[in-house]
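User: I would like a close look at one part of this structure, explained step by step for someone new to the subject. Please take the sulfur chemistry as the starting point and continue to the metal site.

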Amino acid sequence: MESDEKNNSSSFPIGETAQEKGLSHVPEAYEVPSSQRPSLEPETADVPLIDLNGLRCGGAADRRGAIVEEIGQACRRYGFFQVVNHGIDQAVLEGALSAASDFFSLPAPEKIKFFSNDVHKPVRYASSLKDGVDTIQFWRIFLKHYAHPLGDWINSWPANPPTYREEMGRYAMEVRKLGLELMEAITESLGIGPKYTSDKMEQGMQVMAINCYPPCPQPSLALGLPPHSDYSCLTVLLQSFAGLEIFDSKDGQWQLVPDVDGALQVHVGNHLEVLSNGRFKSVVHRASLHHEKTRISIASLHSLAMDEKMGTAMELVDEEHPKGYKESSLRDFLDFLAKHDLGQGKSFIKSLQI
Ligand code: OGA
Ligand code: NI
């Protein structure tokens with residue numbers, strides 16, 4: 001029965017996973033194949049750090065043009081960049097990180113109230129990707145919740161810790177505003193104008209993934225999250241310290257995103273790759289682990305509405321660049337996620353390629 005046990009994550013029910021119990025070794029079910037193991041001394045990613053000062057209205061027009069250009073180049077080269085002077089106060093960032101950290105410090109029963117493996121649930125707490133389905137376990141626990149329109153969802157968020165709704169709510173609103181501004185700069189850089197997706201993004205979805213990666217006794221054996229790209233148009237990530245790694249397809253290397261004080265990480269997601277007809281590629285990334293510290297990250301995923309299909313901009317299709325992708329919605333992604341084990345390399349974006 002040993003092999004059954006190895007592949008059966010129900011031997012680690014929520015509340016009793018190795019990462020929650022603080023085991024002093026990594027159980028076999030968490031060991032990633034040797035070719036996919038993280039380096040303890042990864043190369044540092046040389047990704048653009050973009051100063052957004054001047055992007056917002058009031059900024060001199062020539063300044064905006066230069067920033068838009070930088071953003072477009074970063075999306076083309078890496079599908080990823082970091083931003084500073086993004087307009088979100090340090091106190092708001094710290095408030096969100098400590099609300100998240102306080103949530104994960106609650107006794108297990110307080111968190112398990114939110115437990116669900118149904119990927120369609122608007123608020124859910126779980127471990128790994130989909131407990132009981134993934135064949136390899138990942139050293140993570142998370143809370144996912146919808147965040148826009150905030151008034152529709154905030155009352156179903158945790159009421160404990162008592163500051164959670166206020167602190168996370170404030171960050172949610174501000175990071176959404178930033179996400180929409182970045183989308184405008186991005187469509188402008190594609191030559192289809194800053195308002196191309198504005199109305200639909202305004203009506204769109206915001207999903208927040210609040211991730212907790214407890215200390216891992218053998219960080220070279222396990223991962224917090226397997227390699228994946230996000231379904232979103234754009235993901236903005238806030239982290240308590242470095243741990244996010246991106247795959248540089250040019251170099252064929254995993255690289256650690258450097259920790260820059262106050263910076264936010266911006267990922268091109270699958271739906272933006274589709275919109276851009278592949279001019280921008282969604283960045284493949286994973287989360288590595290620390291041997292003694294708990295790492296917290298908050299990913300805010302911005303997309304069109306649940307049933308709104310994202311298709312390729314016809315302006316970006318011609319004889320030289322035939323349409324490369326099928327259209328899809330967030331619901332299509334969730335249905336895909338419910339059926340496939342993303343830890344085994346099944347990717348949503350591949351399913352959209354024509
Ligand atoms: C995610 C994600 C990375 C991290 O939540 O989709 O990629 O560093 N998180 O936590
Ligand atoms: Ni991600």
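Analyst:
**Unpaired cysteines and the nickel site**

The closest cysteine sulfur to that of Cys 233 belongs to Cys 75 and is 12 Å away, which is too far for a bond. This is a predicted model, and the distances discussed here are computed from it. A disulfide is a covalent bond between the sulfur atoms of two cysteines. For a pair to be counted, the two sulfur atoms must be within 2.5 Å. By this rule, the count of disulfides is zero. Cys 212 likewise takes part in no disulfide, since its nearest cysteine sulfur, that of Cys 216, is 13 Å away. Cys 212 is buried, with a relative accessible area of 4%. Cys 233 is also buried, and its relative accessible area is 0%.

The metal site is considered next. The nickel ion (ligand 2) has three protein donors, namely His 228 (NE2), Asp 230 (OD) and His 285 (NE2), which lie 2.1 Å from the ion. Along the chain, these donors follow the spacing H-x1-D-x54-H. Asp 230 belongs to the loop between strand E7 (225–228) and strand E8 (234–239), whereas His 285 belongs to strand E12 (residues 285–287); the pair therefore ties together parts that are 55 residues apart in sequence. Asp 230 and His 285 are both buried.

In summary, the model contains zero disulfides by the rule applied, while Asp 230 and His 285 tie together parts that are 55 residues apart in sequence.

Note on methods: Residues are numbered from 1 along each chain as its sequence is written. Chains are lettered from A and ligands numbered from 1 in the order in which they are written. This is a predicted model: local features need pLDDT of at least 70, side-chain atom pairs count only at pLDDT 80 or more; totals for chains, interfaces and linings use all residues. Side-chain values use heavy atoms; hydrogens and water are left out. Buried means under 20% relative accessible area, exposed over 50%, partly exposed in between (1.4 Å probe, protein chains only). Donors are N, O and S atoms within 2.8 Å of the metal (3.2 Å for Na, K and Ca); water is not among the atoms, so sites may look incomplete. Helices (H or I, at least four residues) and strands (E, at least two) are DSSP runs, numbered from the N terminus.
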